[in-house]
Amino acid sequence: MNEILSTPLWGNTIYKWLTALIIIIVLFAIIKIFKVYIFKRLKKWAAATATSWDEFAMEVIEKNILPLLYISTVYFALQTLALGLRAKNILHTAYMIAITFFVIKIIIAAFKKFVLSFIKRDQDSESKEKQAGGLIAIVNIIIWLLGAVFLIDNMGYNVTTIVAGLGVGGIAIALAAQTVLGDLFSYFVIFFDRPFEIGDFVTVGTDSGVIEYIGIKTTRIRTLNGEQLVCSNTDLTNSRLRNFKRMERRRIVFAIRVTYQTTNRQLRDIPGIVGEIIASKDKLSYDRGHFSGFGDFSLNFEFVYYVDDPDYNFYMDAQQAVYLEIFSAFTEKGIELAYPTQTIQIESLPVFSVARN
């Protein structure tokens, strides 16, 4: 038996090969027992909690940690064997590639989970998830590049030249694509600062419309006329933008002009009449009403009220109802609304008699 175990095979005795195999089988069995009996209970416990981060941790363990444990078991078991230098280098390289791959997957998954958790705290999370796709893609590329540099460094190569080359190349790319990079950083500002979101009604300069898409370089707005307005992200972050979706209430100021034939009693009643009409409407808050001045052809009143609803159609419907009731009430009270008129007064000139010779 000892002779058989001492028989050399591929540079190692059969005893050493069996030892490595037993290590692999025992550790595989321990991992399997953990997965079947302990890990399943942990998953049930995570599913019963209110937070989703523990479920995320279980998913990371199942998809990344456990496969990495299996690979590590094989790697360290083979380290007990007397392998050649070339074989050890190949084995070490493969193991480092595996570690880098799974670590990058864990980092990417954690970043994506953080971003989506940040988004889901607000409303309209589905549209915001689409908006976050560009950010996640950019960060994924950066993480993979850093992972590649880390892998090359751990394989024994000098990464100083590579890093320096990337730095010089990065400067050259930055100079050549200043506008694109400016829009990219503006995209980050829009994503984190959130001056507007998909579905918001905004006004930019003389254009108004609904935000339809927010991309890495451009934002698209569906205007009131129906066409799609494409703006660079830098233009939007550098301009004054009015976001009507964030409006909580509207302040409405309007004037009423009545004729000079209106009596003193009617003038005193006008603020009360208009105030009662506005106060009787749902979601309208009356603020003030005053006789504001004497016009060229009218006696002027100014009224202010608030609409406690940001919807523009609701505001127009409410204003229409107020105007119709004011007109009806003025008709009943005999109050006449003024319109531009001019009165020309012609006086007769004295008649002069001409003496005749």
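User: What makes E3 and E7 count as paired strands?

Analyst: This is a predicted model, and every value here is computed from it. Two strands pair if there are at least two bridges between them. E3 and E7 have three bridges. They pass the test, and the sense is antiparallel. One example of facing residues is Thr 203, which stands opposite Arg 242 in E7.

User: How do you know that E3 and E4 pair too?

Analyst: Apply the rule of at least two bridges again. E3, residues 201-204, shares four bridges with E4. The pairing is antiparallel. Phe 201 stands opposite Val 210 in E4. The two strands form a hairpin with two residues between them. In that hairpin, Gly 205 has a positive phi near 65°.

User: What makes E4 and E5 a pair?

Analyst: The count of bridges does. E4 (residues 207-214) and E5 (residues 218-223) are joined by five, again in the antiparallel sense. Here Val 210 stands opposite Arg 222 in E5. On the E3 side, Val 210 faces Phe 201.

User: In what order do the five strands of the open sheet stand?

Analyst: The order is E6-E5-E4-E3-E7, with antiparallel pairing. From one strand to the next, the twist averages 40°. Strands of a sheet pair through backbone hydrogen bonds.

User: Why do E6 and E7 stand at the edges?

Analyst: Count partners. E6 (228-232) and E7 (241-243) each have a single partner strand, so one side of each has no neighbour in the sheet.

User: Which salt bridge does Asp 308 form, and how do you know?

Analyst: The cut-off is a nitrogen of Lys or Arg within 4 Å of a carboxyl oxygen of Asp or Glu. Asp 308 and Arg 249 meet at 3.2 Å, N to O. That is inside the limit, so the name fits. Asp 308 is in the loop between strand E10 (299-307) and H10. Arg 249 is in the loop between E7 and strand E8 (250-258). The pair links distant parts of the chain, 59 residues apart. By this rule, the count comes to eight salt bridges.

User: Are Asp 308 and Arg 249 buried, partly exposed or exposed, and why?

Analyst: Buried means under 20% relative accessible area, and exposed means over 50%. Asp 308 has 34%, so it counts as partly exposed. Arg 249 has 40%, so it is partly exposed as well.

User: What makes Asp 269 and Arg 265 a salt bridge?

Analyst: Their closest N and O atoms are 3.7 Å apart. The limit is 4 Å, so the pair qualifies. Both lie in helix H9, four residues apart, about one turn of the helix. Asp 269, at 31%, is partly exposed. Arg 265, at 64%, is over the 50% cut-off and therefore exposed.

User: Why is Asp 309 called buried or exposed, and what does its side chain bind to in a salt bridge?

Analyst: Asp 309 has a relative accessible area of 15%. That is under 20%, so Asp 309 is buried. Asp 309 forms a salt bridge with Lys 283, with the closest N and O atoms 3.1 Å apart. Asp 309 lies in the loop between E10 and H10, and Lys 283 in the loop between H9 and strand E9 (284-294), so the salt bridge ties together parts 26 residues apart in sequence. Lys 283, at 38%, counts as partly exposed.

User: What makes the phi of Lys 283 worth a note?

Analyst: Its sign. Most residues other than glycine have a negative phi. Lys 283 has a positive phi, near 70°.

User: Why is the meeting of H9 and H10 called a contact, and which residues make it?

Analyst: Contact means heavy atoms within 4.5 Å. Residues of H9 in the contact include Ile 270, Ile 273 and Ile 277. Those of H10 include Val 322, Ala 329 and Phe 330. By class, the contact has nine nonpolar, one polar and two charged residues. The axes of H9 (residues 264-279) and H10 (residues 312-333) come within 10 Å and cross at roughly 145°. The crossing is right-handed.

User: What share of the chain counts as buried?

Analyst: Of the 357 residues, 31% do. The chain has ten helices and ten strands.

Methods: Residues numbered from 1 in each chain as written. Predicted model: local features only at pLDDT ≥ 70, side-chain atom pairs only at ≥ 80, totals over all residues. Heavy atoms only, no water. Axes fitted to C-alpha atoms, helices over the stretch in contact; angles between N-to-C directions. Left-handed = near helix turned anticlockwise from the far one by under 90°. Nonpolar A, V, L, I, M, F, W, Y, C, P; charged D, E, K, R; others polar. Buried < 20%, exposed > 50% of the residue type's maximum accessible area, 1.4 Å probe, protein only.
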